[in-house]
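Please read the following note beside the sequence and the three-dimensional view. The points are numbered for ease of reference.

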Amino acid sequence: VASSEPFMQSVSNWLSYLKFRASYGKVGNDGIVATPRFVFLPIIDRLNNPKYANPQPGGATDYYRYIVSAYPNKDIEWEIAEQINFGMEAKMFSGILEFTLDAFQEIRHNVIGNKNTLPSSAGVEVAPLANIGKSRMRGIDFSGKVQHAFSQDCWMILNGTLTYSKSIYKEIEEAIGKPEWQRMKGQEISQQIGYIAEGLFRDQAEINNSPVQGGDVMPGDIRYRDINGDGKIDVNDATYIGYPETPRVIYGFSGFFNYKNWEFSFAFQGSGKRSFFINPDKISPFVKDKAMLKAIADDHWSEDNMSERPFWPRLSTQSIIAHNPYEDWSANNEERKSTYFMRECRFLRCTSIELAYNMPRKLMDKLKMQNVKFYLRANNPFLISNFKVWDVELGENGFNYPIQRTYSLGVNISF
């Protein structure tokens, strides 16, 4: 506690409390894998289909195929989280301002995952579990409070929190032949790999002079970047794009004000530095009797709107993946996404706001009541976001049930 030291007495009139702390520790975790329960034991299952008839004359018992569902690994070790934290706590101006600031780092050793780099010549049926890498998370965590009484009947409290964190792979087992721009080492853990969309084709001449890409390509379709320069767009041109799909920044703040019998309170929360992807196949108009979103009707490529990046490429009676197969999220077991339908998710939501009035104390004593409070409350009244098509907190699941906005007027009576 630095504020207890003699050399801090000269600033004690405005800095009443100052504390520094540091911690270090290691924590083991063997609960990462749910199945199989015992990684050091093999699991062999029977396939009920297909089954084979008994080749012996009169044999009544059918034969089944048995497969290895999990290979044993007697050398696997726990994941170990090595954590270090530096913190500071302070109170200033006679307790009007308080805050806590922490800087932290967590390195996870022996990250457990499936060993997918084994060649097919090894003859394994499923990728075995093993310790395949190391990850690191760094960040800061801040919380603050401002409280002040202007008089006996007027006072306020403000609270705020902010967390920033970034998690990357420090070491990870990968295939030897991977291009440098597809390697996971150094990339964020939840960052998506996909194609870079450079815009839309303006005419047939531009299509003819661009790298060859799949689909029935016409003017108004998406043009992708040929990263490796081989003259064609394929899986080798995918790279890491956007922010991670879990937000780097999460924050919130709230306040409470009291003036005589009146109360006013509010609460906000938000996040940023996160990307999500719109699934274009799910919102392709005219396909399977799907209606057209207003966002598509208002901003799609056409002869009258040949902008570089409208909300939607050209309209078609087919799904968009027929012309832009690199937007097919489930093509050949490869999840295909691109920056064209990637959106940076940042928002600030007012989660609640309330105005209340407490009946005077003298009147309560006459009525022999403890308290009567009238209030007007709104939950989720508004949202500030750079994405307007649907509630940004739904992410890619835009057709899920949205967060409800509610208003209430009521009275709380205590006897």
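1. In the classes used here, Ala, Val, Leu, Ile, Met, Phe, Trp, Tyr, Cys and Pro count as nonpolar, Asp, Glu, Lys and Arg as charged, and the others, Gly among them, as polar. The model is a predicted one, in which local features need pLDDT of at least 70 and side-chain atom pairs count only at pLDDT 80 or more, while totals for chains, interfaces and linings use all residues. Residues are numbered from 1 along each chain as its sequence is written, and side-chain values use heavy atoms, with hydrogens and water left out.

2. The largest pocket holds about 410 Å³ of space. A pocket is defined on a 1 Å grid over the protein atoms alone, as an open set of points with protein on both sides within 12 Å along at least five of seven lines; a cavity is a set of points where a 1.4 Å probe fits but cannot get out, and lining residues have an atom within 4 Å of a point. Grid points are joined across faces, edges and corners, and the volume is the space filled by probe spheres set on the points.

3. Of the 20 residues that line the largest pocket, Y169, E174, K178, M184 and Y240 lie nearest its centre. Two elements, β7 (154–172) and β8 (191–194), give two or more residues to this lining, and β8 supplies the largest share, three residues. Strands here are DSSP runs (E, at least two residues), as helices are (H or I, at least four), numbered from the N terminus. By class, the lining divides into eight nonpolar, eight polar and four charged residues.

4. The second largest pocket has about 230 Å³ of space. Its lining comprises 14 residues, with D30, R37, V39, I76 and W78 nearest the centre. Nine of the lining residues are nonpolar, two are polar and three are charged.

5. There is one cavity of 30 Å³ or more. The largest cavity contains about 70 Å³ of space, and W312, R314, S316, I320 and H323 lie nearest its centre among 13 lining residues. That lining has five nonpolar, six polar and two charged residues.

6. How are the strands of the open sheet ordered? The ten strands follow the order β1-β4-β5-β6-β7-β12-β13-β16-β17-β18, with antiparallel pairing; two strands pair if DSSP finds at least two bridges between them. At the edges are β1 (15–29) and β18 (406–414), each of which pairs on one side only. Within the sheet, eleven bridges join β16 (residues 342–358) to the antiparallel β17 (residues 371–385). One bridge partner in β17 is A378, which is matched with I353.

7. The structure contains zero disulfides, a disulfide being a pair of cysteine sulfur atoms within 2.5 Å. Why does C345 form no such bond? The closest cysteine sulfur, in C350, is 18 Å from the sulfur of C345, which is too far for a bond. C345 counts as buried because its relative accessibility is 0%; buried means under 20% relative accessible area, exposed over 50%, and partly exposed in between (1.4 Å probe, protein chains only).

8. Two residues deserve a check of their backbone angles. S94, in the loop between β4 (79–92) and β5 (97–114), is not a glycine, yet has a positive phi of about 60°. S94 counts as exposed at 69% relative accessibility. D289, in the loop between β13 (262–277) and α2 (294–298), likewise has a positive phi of about 60° without being a glycine. At 79% relative accessibility, D289 is also classed as exposed.
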